[in-house]
Amino acid sequence: MPPTDRIRDHAGQGAPTVAAQRTRRRLRADRARQLADLLRHQLLTGGFPAGTLPHESTLAADYRASRNTVRQALDLLRAEGLVERLPGVGTVVVAEKYPHGLDRLMGLAETLHEHGSVTNEVRTMGPVPAPAPVAERLRVPPGGDVLYIERLRRLNGLPLSLDLTYIPVDIGTALLGCDLENTDVFRLLESLTGRRLGHADITLEAVNADAHSAAVLQAPRGAAVLMLERLTHLADGRPVDLEFIRFRGDRITMSGLLHRSL
């Protein structure tokens, strides 16, 4: 057989083997990702109260996975900063995410009151000309003033979110003398207007942290953050609070209860 034919024949025999190896690696990566999702839920809901995950062999048996798949899944969680491997101890939980509900209209301190103290660092506060999209959504005259507030929100001293807030100036002026460091804006709005808040339109998406946001939140530049855009209305329908909230994605989870209606 000519040399070129032998090379071609050898390549033909080896191709299925290479393809099979690639398929096995892809399937193992898929299974590892699936297992990481299941373990992440356990981590975030107190499924390992002692703070230490079971041995790899136990996880493999419990989830009917190979040891390699378990190790790969733990590597994914380690890359997220949720677990760490300690010699002589095993895999331990090193980070905690806090639940933020999306099915009730509440301020951050109200939402996380069971998890510690929320404090606010007011970085900027004052009247500014309303950008056109802000004026339209708050139903104020184009170019008219709105109160702009930038706050760094901390939970138990750790940076959690950077909030950019726009409020109609007729309501916002009264906020200038209020204790924004220790009080949610929602409570203040209800107190100042004498009316209850009614509903909010929300949008949630992942964005990359810009240099300013990353520095304030003490997060890596370009890290993914959860952006919650929320337009809150009084019970009578008037929009009074437009917020752009950047949450550290490694410290918060979003959850809600949805009902199906056709």
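This is a short tour of one protein chain, to be followed in your viewer one selection at a time. Keep in mind that the model is predicted.

**Stop 1: the whole chain**

Start by showing the full chain as a cartoon and turning it slowly. You are looking at 8 helices and 10 strands. Along its principal axes, the C-alpha trace spans about 90 × 50 × 45 Å. How does the radius of gyration of the chain compare with that of a compact globule of 262 residues? The globule would come out near 18 Å, but the chain has 25 Å.

Now switch on the surface. The accessible surface of the chain comes to about 14800 Å², and 52% of that belongs to carbon and sulfur atoms. Of the 262 residues, 36% are buried. If you like thinking about which parts of a chain meet, take the contacts with a separation of 6 or more: 60% of them join residues 24 or more positions apart.

**Stop 2: the largest pocket**

Next, select L105, M106, G107, E110, F186, R187, E190, R196, L197 and G198, and show them as sticks. These residues line the largest pocket. Two elements give two or more residues to this lining: helix 7 (185–193) and strand 7 (197–208). Colour helix 7 brightly, since helix 7 gives the most, with 3 residues.

The pocket has a volume of about 170 Å³. What classes of residue does its lining have? There are 4 nonpolar, 2 polar and 4 charged residues.

**Stop 3: the cavity**

Keep helix 7 coloured and look for an enclosed space. A search of the whole structure finds 1 cavity of 30 Å³ or more. The largest cavity has a volume of about 100 Å³. To find the place, select G107, L108, R153, R230 and E243, which lie nearest the centre of the largest cavity among the 16 residues that line it.

The elements giving two or more residues to this lining are strand 5 (145–155), strand 6 (158–168), helix 7 and strand 9 (239–248). Which of them gives the most? Strand 9 does, with 4 residues. By class, the cavity lining divides into 6 nonpolar, 3 polar and 7 charged residues.

Two names are worth a second look here. G107 is in the lining of the largest pocket, and G107 is also one of the residues nearest the centre of the largest cavity. Helix 7 likewise gives residues to the pocket lining and to the cavity lining.

**Stop 4: helix 4**

Select residues 108–111, which form helix 4, and pick out A109 within it. A109 counts as partly exposed because its relative accessibility is 29%, between the 20% and 50% cut-offs. Leaving aside neighbours within four places in sequence, A109 is in contact with V118, R153 and D184. You have already met R153 as one of the residues nearest the centre of the cavity.

Try a distance next: draw a line from the C-alpha atom of A109 to that of T17. The two residues are 92 residues apart along the chain, and the line is 57 Å long.

Then move to T111, also found in helix 4. Is T111 buried or exposed? T111 is buried, because its relative accessible area is 18% and the cut-off for buried is under 20%. Not counting residues up to four places away in sequence, T111 touches P99, H100, G101 and M106. M106 is a pocket-lining residue from Stop 2.

**Stop 5: three loop residues**

Go to the loop between helix 6 (169–172) and helix 7, and select D179. With 39% relative accessibility, D179 counts as partly exposed. Draw a C-alpha to C-alpha line from D179 to N120: they are 59 residues apart in sequence and 9.7 Å apart in space.

The last two residues are about backbone angles. Most residues other than glycine have a negative phi. Select R64, in the loop between helix 2 (56–62) and helix 3 (67–79). R64 is not a glycine, although its phi is positive, at about 55°. R64 counts as exposed, with 81% relative accessibility.

Finish at Q218, in the loop between helix 8 (211–217) and strand 8 (224–234). What is the phi of Q218 near? The value is near 55°, which is positive in a residue other than glycine. Q218 also counts as exposed, at 55% relative accessibility.

Terms used: Residues are numbered from 1 along each chain as its sequence is written. This is a predicted model: local features need pLDDT of at least 70, side-chain atom pairs count only at pLDDT 80 or more; totals for chains, interfaces and linings use all residues. Side-chain values use heavy atoms; hydrogens and water are left out. On a 1 Å grid over the protein atoms alone, a cavity is a set of points where a 1.4 Å probe fits but cannot get out, and a pocket is an open set with protein on both sides within 12 Å along at least five of seven lines; lining residues have an atom within 4 Å of a point. Grid points are joined across faces, edges and corners, and a volume is the space filled by probe spheres set on the points. Ala, Val, Leu, Ile, Met, Phe, Trp, Tyr, Cys and Pro count as nonpolar, Asp, Glu, Lys and Arg as charged, and the others, Gly among them, as polar. The radius of gyration is taken over C-alpha atoms; the globule rule is 2.2 Å times the number of residues to the power 0.38. Buried means under 20% relative accessible area, exposed over 50%, partly exposed in between (1.4 Å probe, protein chains only). Contact means heavy atoms within 4.5 Å. Accessible areas come from the Shrake-Rupley method with a 1.4 Å probe; for residues, only the protein chains shown count as cover.
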